[in-house]
Amino acid sequence: MSTFTAQQSSSTTSSFSARALDLKLKQVRLAHPEQSLPSPPSSNGASSPVERDYFYLRSLKECVEIYEDENRGKSESLAMLSDEEVVLLADNGKVAPHALEKLFGMNELERAVRVRRAIISRSSATKTLESSSIPYENYDYSRVIGACCENVVGYIPIPLGVAGPLNVDGTSFPIPMATAEGTLVASTSRGCKALNAGGGVSTVLVGDAMTRGPAIDFPSIKVAAQAKAWVDSAEGYAEMKAAFESTSRFAKLKSLKTAMAGRTMYIRFATTTGDAMGMNMISKGTEKALDTMQARFPSMAVLALSGNYCTDKKPAAINWIEGRGKSVVAEAVIPGHIVKTVLKTTVGGLCNLNVKKNLIGSAMAGSIGGFNAHASNILTAIFLATGQDPAQNVESSMCMTLMEPTNNGEDLLCSVTMPCIEVGTVGGGTVLAAQQGVLEMLGVKGAHPQQPGKNAQTLARVIASAVLAGELSLLSALAAGHLIKAHVAHNRSRVNTPAASVPVTPGPQA
Ligand SMILES: CC(C)(COP(=O)([O-])OP(=O)([O-])OC[C@H]1O[C@@H](n2cnc3c(N)ncnc32)[C@H](O)[C@@H]1OP(=O)([O-])[O-])[C@@H](O)C(=O)NCCC(=O)NCCSC(=O)C[C@@](C)(O)CC(=O)[O-]
Ligand SMILES: NC(=O)C1=CN([C@@H]2O[C@H](COP(=O)(O)OP(=O)(O)OC[C@H]3O[C@@H](n4cnc5c(N)ncnc54)[C@H](OP(=O)(O)O)[C@@H]3O)[C@@H](O)[C@H]2O)C=CC1
């Protein structure tokens with residue numbers, strides 16, 4: 001085995017930048033995985049972690065002896081090893097990379113992330129993760145572990161803009177939007193300006209129920225029908241409700257909808273979930289209710305807690321028709337002169353385009369719940385900013401935008417109908433510090449102190465109102481023929497646009 005001579009003079013060591021030293025060390029480790037590097041002279045005084053790594057890298061055998069010493073706990077043993085030495089243990093199957101937080105302990109969460117980046121980086125084809133611009137430092141990982149993500153290597157920053165403010169039911173709200181699509185915030189702001197000029201948006205909450213729909217098999221259609229009749233009965237409902245509600249202080253069962261497909265039965269549990277979006281809560285309650293049902297129907301077999309009759313994170317007509325999460329309608333009147341001066345179009349032009357695009361165009365396309373221009377743009381940006389589950393934008397963005405002339409054709413009456421806004425202000429990504437900051441700015445952080453559910457409902461009302469702003473502005477830009485002009489101005493970076501690809505010259509056969 002070749003040997004490596006470390007730079008042992010303290011003056012030479014201090015002339016290394018930490019990064020250069022770190023890279024050098026990694027090269028050595030890759031080339032000589034089994035080698036113990038020489039120790040520094042006692043006068044050296046190497047103190048930074050990188051310097052310690054550089055001078056004290058032990059052999060795999062020594063590292064394993066330290067790590068497996070039964071006289072110490074794992075976190076204590078790992079504290080004696082350098083990052084490089086933990087990477088060495090992981091590379092040799094002694095430490096599971098996804099278990100680093102558990103092994104290091106709660107006081108060393110950033111170290112766990114740093115070491116994992118090194119492990120993953122070096123085993124990947126590109127080897128770029130470790131030195132990449134993906135940030136990982138100064139992040140509160142205690143909020144992430146066991147709640148938001150596993151195998152963490154950092155975090156992805158997304159620009160956060162604020163549109164508005166927007167007057168919703170008499171209160172002025174800033175509209176937080178995390179997005180990488182230039183133009184969105186500007187467009188939503190223009191819509192807010194037009195809406196405020198007409199006195200703002202008024203909203204109604206017409207439903208509040210998260211849903212879960214398990215699939216249950218029975219030996220025959222006869223037994224399945226008996227079970228269905230029992231769940232549909234007052235007695236069955238009461239028994240299921242009691243079992244369901246024993247699992248949570250906040251989840252309250254509102255209805256059970258049953259359906260059969262051959263000998264398989266589906267039950268759509270619909271419940272309020274306080275200020276939580278509620279999927280964990282409702283799944284927990286559903287499991288308990290099915291245990292109760294099983295006692296009555298021993299031959300039933302729960303195939304899956306989710307039988308897609310919910311329907312979570314997938315397009316489905318049942319959500320559009322019955323609603324899921326918060327069902328909100330938001331409405332406003334915009335004076336005709338504001339339509340002209342702020343939106344640069346006319347009441348007639350907007351109404352005509354809305355019918356031809358959002359209603360007839362979507363019908364021609366066979367859309368379910370897509371009777372809008374870009375509800376998902378605004379909703380998803382607010383979801384990301386406020387820590388919602390972004391996969392639920394599928395059904396949450398379902399929206400019908402309506403526009404008609406009012407006040408003898410002078411002004412515009414417009415509305416959005418959104419039956420499935422799935423949001424919470426507790427649980428999931430709402431526990432993260434930055435997302436909590438955004439919820440705080442909106443005055444809806446955490447659980448409402450007196451009325452559980454009010455914070456989440458307010459957030460849903462704000463989202464629907466902001467969607468109305470976005471609809472107005474985009475439709476106006478389309479009606480006026482301004483769309484591409486706006487996107488070239490706000491959405492095409494002159495600094496970062498890469499050089500064009502050079503197509504490979506076609507060969508003689510091509
Ligand atoms: C959680 C597991 C994986 C445990 O599963 P397990 O089999 O108990 O895990 P294990 O401890 O035996 O480990 C097996 C492997 O899992 C991985 N693994 C295990 N633990 C970790 C960890 N901490 N960090 C990273 N990786 C981990 C890892 O690869 C590990 O291998 P190893 O590396 O140890 O050789 C399993 O129960 C599972 O996959 N559950 C499903 C959870 C899920 O997919 N949830 C999705 C969200 S639900 C939803 O949003 C939509 C829904 C449900 O509503 C849609 C619908 O309607 O269907
Ligand atoms: N399991 C699944 O199938 C799915 C899970 N998810 C994920 O589920 C997570 C969200 O689940 P969710 O159930 O919303 O959140 P949580 O799992 O965090 O549950 C909410 C918790 O907050 C407590 N709580 C305190 N105050 C309130 C209040 N005012 N209103 C409501 N609850 C309160 C509840 O108490 P109590 O214990 O009394 O109920 C409960 O313990 C997200 O990470 C999401 O991505 C997403 C889709 C499917």
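A residue counts as buried if 20 or more other C-beta atoms lie within 10 Å of its own, as exposed if 12 or fewer do, and as partly exposed in between, with C-beta atoms placed from the backbone. This is a predicted model, where local features need pLDDT of at least 70 and side-chain atom pairs count only at pLDDT 80 or more, while totals for chains, interfaces and linings use all residues. Residues are numbered from 1 along each chain as its sequence is written.

**Exercise 1. Positive phi**

Work out where Asn138 and Asn151 sit, and whether each is buried or exposed.

Step 1: start with the backbone. Asn138 has a positive phi of about 55 degrees, though it isn't a glycine. Asn151 also isn't a glycine, and its phi is positive at about 55 degrees. For background, most residues other than glycine have a negative phi.

Step 2: place them. Asn138 is in the loop between α8 (109–123) and β1, and Asn151 is in the loop between α8 and β1 too. Helices (H or I, at least four residues) and strands (E, at least two) are DSSP runs, numbered from the N terminus.

Step 3: count neighbours. Asn138 has 6 other C-beta atoms within 10 Å, so it is exposed. Asn151 has 12, so it is exposed as well.

**Exercise 2. Cis peptide bonds**

Find which residues the cis bonds join, and the element or loop involved.

Step 1: go to Gly164 and Pro165, which are joined by a cis peptide bond with omega of about 10 degrees. Pro165 belongs to strand β1 (residues 160–168).

Step 2: move on to Cys310 and Thr311, where the bond is cis with omega near -5 degrees. Thr311 is in the loop between β7 (301–304) and α13 (317–322).

**Exercise 3. A helix pair**

Decide how α10 and α11 are oriented, and say which residues make the contact.

Step 1: get the geometry. Helix α10 (residues 221–232) packs against helix α11 (residues 234–245) at an angle of about 75 degrees, and their axes are 4 Å apart. Axes here are lines fitted to C-alpha atoms, for helices over the stretch in contact, and angles run from 0 to 180 degrees between N-to-C directions.

Step 2: name the angle. Under 35 degrees is roughly parallel, over 145 roughly antiparallel, 65 to 115 roughly perpendicular, and the rest oblique. So α10 and α11 are roughly perpendicular to each other.

Step 3: list the contact, which needs C-beta atoms, placed from the backbone, within 7 Å. From α10 come Trp230, Val231 and Asp232, and from α11 come Gly236, Tyr237 and Met240.

**Exercise 4. The largest core**

Locate the largest nonpolar core relative to the domains.

Step 1: know the term. A nonpolar core is a set of buried Ala, Val, Leu, Ile, Met, Phe, Trp, Tyr and Cys residues joined through C-beta atoms within 7 Å.

Step 2: find the hubs. Of the 87 residues in the largest core, Met418, Ile463, Ala464, Ala466, Val467 and Leu468 touch the most other members. Helix α19 (residues 454–480) gives the largest share, 15 residues.

Step 3: add the domains, whose bounds come from an automatic or database domain assignment. Domain 2 (160–207 + 323–490) and domain 3 (214–304) both contribute residues to the core, so it lies between them.

Step 4: look around one hub. Leaving out residues up to four places away in sequence, Ile463 touches Leu379, Ile382, Ile421 and Val423.

Conventions
Chains lettered and ligands numbered in written order. Contact = placed C-beta atoms within 7 Å.
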